[in-house]
Amino acid sequence: MYRGVRKLNIRAESIWLDLGEEVHVYAEVTCGEKVPFVVRDAKYVFIDPEGNIEAQGMCEVDGHRLDVFLMPQMAGDYKLKYTYKVADETWVDVVKVKVR
């Protein structure tokens, strides 16, 4: 069983976008301990300011980097939720996306 310390490193707690932008959002999965690991089955859900799912799907995974392409449809506070597997564990991370 894997017992590492995980961290999703996007270099910010919130991402700011302007309405109309279409962007890739990259997140780096890191481990506090220097042990090798593989990120598997990475999915995302993009939740709009009203709580509805605006987009969802599989993340592109390149090593420990997750890539999703976002096209917010309205201004407001979104949530980008990543769910992925490392060894026998399932990890979930949520990032705030503010669209103005």
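This report describes the fold, core, aromatic pairs and backbone exceptions of a predicted model.

## Overall fold

The protein chain has zero helices and nine strands. Read from the N terminus, the order of elements is β-β-β-β-β-β-β-β-β. Contacts that span a long stretch of sequence are frequent: of those between residues at least 6 apart in sequence, 62% join residues at least 24 apart.

The protein chain has 100 residues, and 33% of them are buried. The exposed surface comes to about 6300 Å², with carbon and sulfur atoms supplying 49% of that area.

## Nonpolar core

In soluble globular proteins, nonpolar side chains tend to be buried together. The largest nonpolar core in this model contains 25 residues. Within this core, L66, L80, Y82 and Y84 touch the most other members. Two or more core residues come from each of β2 (14-17), β3 (23-31), β4 (39-47), β7 (65-70), β8 (76-86) and β9 (89-99).

## Strand β2 and its partner

In a regular strand the side chains alternate between the two faces of the sheet. Strand β2 shows this pattern: I15 and L17 point to one face and are buried, whereas S14 and W16 point to the other face and are not buried.

Strand β2 pairs with β9 in the parallel sense, and the pairing runs over four bridges. In β9, the residue that stands opposite S14 is K96. S14 is thus a residue of β2 that is not buried and that has a partner position in β9.

## Aromatic pairs

A pair of aromatic rings is described by the distance of the centres and the angle of the planes. The structure holds two such pairs. One of them, F46 with Y78, is stacked, at 4.5 Å centre to centre and 10° between the planes. This pair links distant parts of the chain, with F46 in strand β4 and Y78 in strand β8, 32 residues apart. Both F46 and Y78 are buried.

The rings of Y84 and W91 also form a pair, with centres 5.8 Å apart. Their planes meet at 80°, which is over the 60 degrees required, so this pair is edge-to-face. Y84 has a relative accessibility of 0% and therefore counts as buried. W91 has a relative accessible area of 4%, so W91 is buried as well. Y84 is also among the residues that touch the most other members of the largest nonpolar core.

## E89 beside W91

E89 lies in strand β9. Its side chain makes a polar contact with the side chain of W91, at 2.8 Å. The relative accessibility of E89 is 17%, and the cut-off for buried is under 20%, so E89 counts as buried. W91 therefore takes part in an edge-to-face ring pair with Y84 and in a side-chain polar contact with E89.

## Positive phi values

Most residues other than glycine have a negative phi. Two residues that depart from this are D41, with phi near 50°, and A87, with phi near 55°.

D41 is found in strand β4, the strand that also holds F46. With a relative accessibility of 41%, D41 falls between the 20% and 50% limits and so counts as partly exposed. A87 is placed in the loop between β8 and β9. At 39% relative accessibility, A87 also counts as partly exposed.

How values were computed. Residues are numbered from 1 along each chain as its sequence is written. This is a predicted model: local features need pLDDT of at least 70, side-chain atom pairs count only at pLDDT 80 or more; totals for chains, interfaces and linings use all residues. Side-chain values use heavy atoms; hydrogens and water are left out. A nonpolar core is a set of buried Ala, Val, Leu, Ile, Met, Phe, Trp, Tyr and Cys residues joined through side-chain atoms within 4.5 Å. Buried means under 20% relative accessible area, exposed over 50%, partly exposed in between (1.4 Å probe, protein chains only). Contact means heavy atoms within 4.5 Å. Accessible areas come from the Shrake-Rupley method with a 1.4 Å probe; for residues, only the protein chains shown count as cover. Two strands pair if DSSP finds at least two bridges between them. Rings of Phe, Tyr and Trp (its six-membered ring) pair if their centres lie within 6.5 Å; planes under 30 degrees apart count as stacked, over 60 as edge-to-face and the rest as tilted. A polar contact is a pair of N or O atoms within 3.5 Å; within protein, one must be able to donate a hydrogen and the other to accept it, and residues adjacent in sequence count only if both atoms are side-chain atoms.
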